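Visitor: I'd like to learn how to read a model like this one. Can you walk me through it, feature by feature?

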Number of protein chains: 2
Amino acid sequence: MARPRSFDEADVVARAREAFAETGFAGTSLDTLLEATGLARQSLYNAFGGKKELFIRAFLSDTAEAIEAVESIRHGSDSPITRIRAQLVKMAVAHGAAQAPPSLFTKAAVELSARDPEVASTAAAAFETMRTHYAACIAEAQEAGEIDGAADADSLGAFFCAVIEGMGTLGATGIPRATLLDIGFTSLAAIPITELGRARLGTNDGDWS
Amino acid sequence: MARPRSFDEADVVARAREAFAETGFAGTSLDTLLEATGLARQSLYNAFGGKKELFIRAFLSDTAEAIEAVESIRHGSDSPITRIRAQLVKMAVAHGAAQAPPSLFTKAAVELSARDPEVASTAAAAFETMRTHYAACIAEAQEAGEIDGAADADSLGAFFCAVIEGMGTLGATGIPRATLLDIGFTSLAAIPITELGRARLGTNDGDWS
DNA sequence: AACGTTATTGACTGCTTGGTCTAGAACCGT
DNA sequence: ACGGTTCTAGACCAAGCAGTCAATAACGTT
């Protein structure tokens with residue numbers, strides 16, 4: 001019936017996400033965006049509506065991905081406490097990569113939350129969801145006897161959200177990966193791990209340099 | 001010999017800091033800045049050189065203040081472990097204030113570290129200094145018998161830097177103060193506190209709602 | 001192969017940006 | 001009160017900005 005698009009919408013959003021993550025919303029011009037995505041001015045307006053709308057698309061996409069990454073700790077063949085540690089390691093490695101800008105999720109939350117209620121509430125809701133996932137995994141570990149049943153799973157969940165966000169900010173400044181890993185392992189000490197849990201984790205923290 | 005300035009330089013930097021903290025570097029126009037500081041265009045250029053230079057001044061000023069706030073935990077009449085807890089509470093309260101934008105220190109680190117090596121290295125050095133202060137306070141607590149001497153003070157120092165940065169990001173999104181306080185208290189559990197230390201802290205976490 | 005529909009192209013617009021220039025005002029030491 | 005120096009005020013500038021428009025190109029359907 002009509003001329004088909006010469007670009008993949010999801011692909012454009014992904015490229016826009018990279019651009020916005022690097023220079024932020026205000027710091028990324030439309031021209032930069034067009035170059036990064038490869039599409040023409042009017043195509044961007046036809047398909048997305050404008051700069052702000054494309055940004056929101058990219059932001060929501062990144063937020064969904066961040067949530068998904070946390071959600072993944074609820075499944076897996078390893079024991080729950082092991083999965084928590086693995087998540088901390090994964091995040092430390094990701095945020096400790098050289099010249100890795102913070103995720104768009106974090107960047108948008110810091111840049112725009114004060115002025116844009118939509119961004120703020122989306123980010124806040126995302127943290128709430130992440131906290132739930134951590135808490136569920138901790139509760140599972142409690143049922144498995146790896147963590148003291150008296151521990152407050154919700155508090156620990158919020159705590160891990162904060163630690164990982166903190167790693168993101170520190171990592172953005174170029175703090176070495178080893179330090180971030182150290183932070184991750186240190187945060188594990190906030191969990192009252194049982195003898196069984198400790199045995200499941202093993203003594204080996206691994207070599208992540 | 002000549003006409004004196006009609007403004008206080010430090011005061012202008014302070015006002016600029018608020019403006020930049022609210023809307024970031026790229027998001028704050030020179031006109032906004034002039035309105036916020038109350039000075040005329042040329043005066044800003046005479047006194048500071050330009051937008052970028054004023055930003056750096058504000059950023060450095062905020063960074064120094066952030067470091068000073070952490071440095072303060074090394075002194076005081078309370079016992080070291082008590083001072084650490086008080087610092088966590090102070091940060092949670094500060095970052096949990098309604099409509100409180102993140103500090104310029106944090107905002108600049110997230111917005112510009114990827115592109116501006118000066119900002120990145122300044123922020124990284126600031127974190128290193130903060131870590132040192134935390135570590136020194138923890139070491140003092142170890143000598144006082146409040147914390148297990150086997151604990152790694154440096155690791156705990158970096159850990160608290162991350163927790164507090166995380167509280168800043170979460171707080172920016174509007175997460176309630178109570179949650180931030182919860183995070184602070186939870187993070188305390190990562191410290192191997194001795195019986196004596198626990199007694200010094202008391203059982204009362206206080207009412208901070 | 002002709003048509004209707006949609007995508008692309010690039011010129012264009014009005015506004016905002018950071019930064020400069022020039023003229024005049026305010027102050028201090030003498 | 002005067003002169004030298006510095007500060008301030010507001011007009012000014014070129015470049016960059018987000019967004020629009022009209023003309024053209026590419027496709028699927030019939």
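**Protein, partner and DNA**

Guide: Helix 3 of chain B gives the largest share of the surface near DNA strand D, four residues. Helices here are DSSP runs (H or I, at least four residues), numbered from the N terminus, and a residue is near a strand if one of its heavy atoms lies within 4 Å of it. Before going on, note that this is a predicted model, where local features need pLDDT of at least 70 and side-chain atom pairs count only at pLDDT 80 or more, while totals for chains, interfaces and linings use all residues. Residues are numbered from 1 along each chain, chains are lettered from A and ligands numbered from 1 in the order written, and side-chain values use heavy atoms, with hydrogens and water left out.

Visitor: Which residues come nearest to DNA strand D?

Guide: Of the 24 residues around that strand, the nearest are Met1(A), Leu30(A), Gln42(A), Met1(B) and Ser6(B). By class, the surface near DNA strand D has 10 nonpolar, seven polar and seven charged residues. The classes go like this: Ala, Val, Leu, Ile, Met, Phe, Trp, Tyr, Cys and Pro are nonpolar, Asp, Glu, Lys and Arg are charged, and the others, Gly among them, are polar.

Visitor: Which side chains have a polar atom by a phosphate oxygen of DNA strand D?

Guide: The general idea is a polar contact: a pair of N or O atoms within 3.5 Å; within protein, one must be able to donate a hydrogen and the other to accept it, and residues adjacent in sequence count only if both atoms are side-chain atoms. Here, Ser6(B) has a side-chain N or O atom 2.4 Å from a phosphate oxygen of DNA strand D. For Tyr45(A) the distance is 2.8 Å, and for Lys51(A) it is 3.0 Å. Sugar or phosphate supplies 63% of the atoms of DNA strand D within 4 Å of the protein, and bases the rest.

Visitor: And what about DNA strand C?

Guide: There, 24 residues surround the strand, with Ala2(A), Ser6(A), Leu30(B), Arg41(B) and Gln42(B) nearest. Of the atoms of DNA strand C within 4 Å of the protein, 60% are sugar and phosphate. The side chain of Ser6(A) puts an N or O atom 2.4 Å from a phosphate oxygen of DNA strand C, and Ser29(B) does so at 3.5 Å. Arg3(A) instead has a side-chain N or O atom 3.5 Å from a base nitrogen of DNA strand C. Helix 3 of chain A gives the largest share of this surface, four residues.

Visitor: How many residues does each chain bring to the contact between chain A and chain B?

Guide: Contact means heavy atoms within 4.5 Å, and chain A and chain B bring 41 residues each. Buried area is the accessible area (1.4 Å probe) that two parts lose on being put together, summed over both; for this pair it is about 3,300 Å², 72% of it on carbon and sulfur atoms. Six residue pairs are in polar contact between the chains (both at pLDDT 80 or more).

Visitor: How many salt bridges cross the interface?

Guide: Zero, by the rule used: a side-chain nitrogen of Lys or Arg within 4 Å of a carboxyl oxygen of Asp or Glu.

Visitor: How is chain A related to chain B?

Guide: Copies are superposed by least squares on the C-alpha atoms of residues with pLDDT of at least 70 in both. Chain A lands on chain B after a rotation of 180 degrees with 0.0 Å of shift along its axis (RMSD 0.0 Å). The two copies are therefore related as by a two-fold rotation axis. Both use the same surface, with 100% of the contact residues of chain A recurring in chain B.

Definitions and conventions. Helix = DSSP H or I, 4+ residues; strand = E, 2+ residues; numbered from the N terminus.
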